[in-house]
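Thanks for coming, everyone. I'd like to walk you through a structure that may be new to you. Have a look at it first, and then we'll go through it together.

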Amino acid sequence: MKIPPHLRQQALALFNQLDAAYDDAARQSGFVCNGCKDNCCLTRFFHYTLIEYLYLKEGLSELVPEVLADVRTFAESVVAQTAEMEKEDQSIRLMCPLNKEGRCILYAHRPMICRLHGIAHMLRRPDGRIQTGPGCDDFYTQCGPSAGHPLDRTPLYADMAKLEQELRRTLDFSGKIRMTIAEMIINDKL
């Protein structure tokens, strides 16, 4: 399953929009993300869209075979360790299999939350309530509790939802997705 070309162009435009929104919010707040000890690549994020899954898989297909094999092995290890840690009810803080020497090797293909995490943000929910987040610990340390204007994720999430609907309709896909990056890497069933 691949992203059709016209939807791929829309996805690229949206990912560029996400990056620009993050950069603008970071600039307005005076935030510089520079490899803090509480690395967001240690955070267990779940991803829910087919578009992000297929775009990440596209990036994986561009890796040289040796690197891809190493990434898959690392991802399998992360999934196995996560399962063990869940059994023991432990906090899960494992490095993303795409992080090599502090950098994402598929940075251009990273999912939405990897593009937006860290910045103070807000989201207008469908019920009218506003959900807010203070940003990561490093953001708080650098910028304080009331720095700048929070990034409004609402229009970005709405655009992602529209694109996701169109992709699912085009590919006739109705399945549910809830995967970490490690799970996306080793999942070949979609």
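I'll talk about the core, then two helix contacts, then the sheet, and finally one loop residue. Keep in mind throughout that this is a predicted model.

Okay, the core. In general, for soluble globular proteins, nonpolar side chains tend to be buried together. Here, the largest nonpolar core has 47 residues. Which residues have the most contacts inside it? They are F31, L98 and I119. As for the helices, at least two core residues each come from helix 1 (5-29), helix 2 (50-61), helix 3 (65-87), helix 4 (112-116), helix 5 (137-143), helix 6 (154-171) and helix 7 (181-186). Helix 1 gives the most, with 9 residues.

Let's stay with L98 for a second. Leaving out residues up to four places away in sequence, L98 touches L56, L60, V71, R103, C104, I105, L106, I181 and I185. So if you want one residue to click on, try L98, one of those with the most contacts inside the core.

Next, how the helices pack. Two packed helices are described by the angle between their axes and the distance between the axes. Take helix 1 and helix 2: their axes come within 12 Å and cross at roughly 95 degrees. That makes the two helices, 1 and 2, roughly perpendicular, because an angle of 65 to 115 degrees counts that way. On the helix 1 side, the contact is made by R8, A11, L12 and F15, and on the helix 2 side by I51, E52, Y55 and E58. By class, that's 5 nonpolar residues, 3 charged and no polar.

Helix 2 also packs with helix 6, at an angle of about 75 degrees and with the axes 8 Å apart. Helix 2 and helix 6 are therefore roughly perpendicular too. Helix 2 brings L50, I51, E52 and L54 to this contact, and helix 6 brings M160, L163, E164, L167, R168 and L171. Here the split is 7 nonpolar, 3 charged and no polar. If you compare the lists, you'll find I51 and E52 in the contact with helix 1 and again in the contact with helix 6.

On to the sheet. What is the strand order? It's an open sheet of 3 strands, ordered 4-3-5, with mixed pairing. The edges are strand 4 (130-133) and strand 5 (151-152), each pairing on one side only. Strand 3, residues 121-124, pairs with strand 4 in the antiparallel sense over 4 bridges, and L123 has Q131 as its bridge partner in strand 4. With strand 5, strand 3 pairs in the parallel sense over 2 bridges, and there M122 stands opposite D152. The hairpin of strand 3 and strand 4 has 5 residues between the strands, and in it G128 takes a positive phi near 95 degrees.

Last stop: E62, in the loop between helix 2 and helix 3. Is E62 buried or exposed? At 52% relative accessibility, E62 counts as exposed, because the cut-off is over 50%. E62 sits 44 residues from L106 in sequence, and their C-alpha atoms are 9.4 Å apart in space. L106, remember, is among the residues that L98 touches.

Definitions and conventions:
Residues are numbered from 1 along each chain as its sequence is written. This is a predicted model: local features need pLDDT of at least 70, side-chain atom pairs count only at pLDDT 80 or more; totals for chains, interfaces and linings use all residues. Side-chain values use heavy atoms; hydrogens and water are left out. A nonpolar core is a set of buried Ala, Val, Leu, Ile, Met, Phe, Trp, Tyr and Cys residues joined through side-chain atoms within 4.5 Å. Buried means under 20% relative accessible area, exposed over 50%, partly exposed in between (1.4 Å probe, protein chains only). Contact means heavy atoms within 4.5 Å. Two strands pair if DSSP finds at least two bridges between them. Axes are lines fitted to C-alpha atoms, for helices over the stretch in contact, and angles run from 0 to 180 degrees between N-to-C directions. Angles under 35 degrees count as roughly parallel, over 145 as roughly antiparallel, 65 to 115 as roughly perpendicular and the rest as oblique. Ala, Val, Leu, Ile, Met, Phe, Trp, Tyr, Cys and Pro count as nonpolar, Asp, Glu, Lys and Arg as charged, and the others, Gly among them, as polar.
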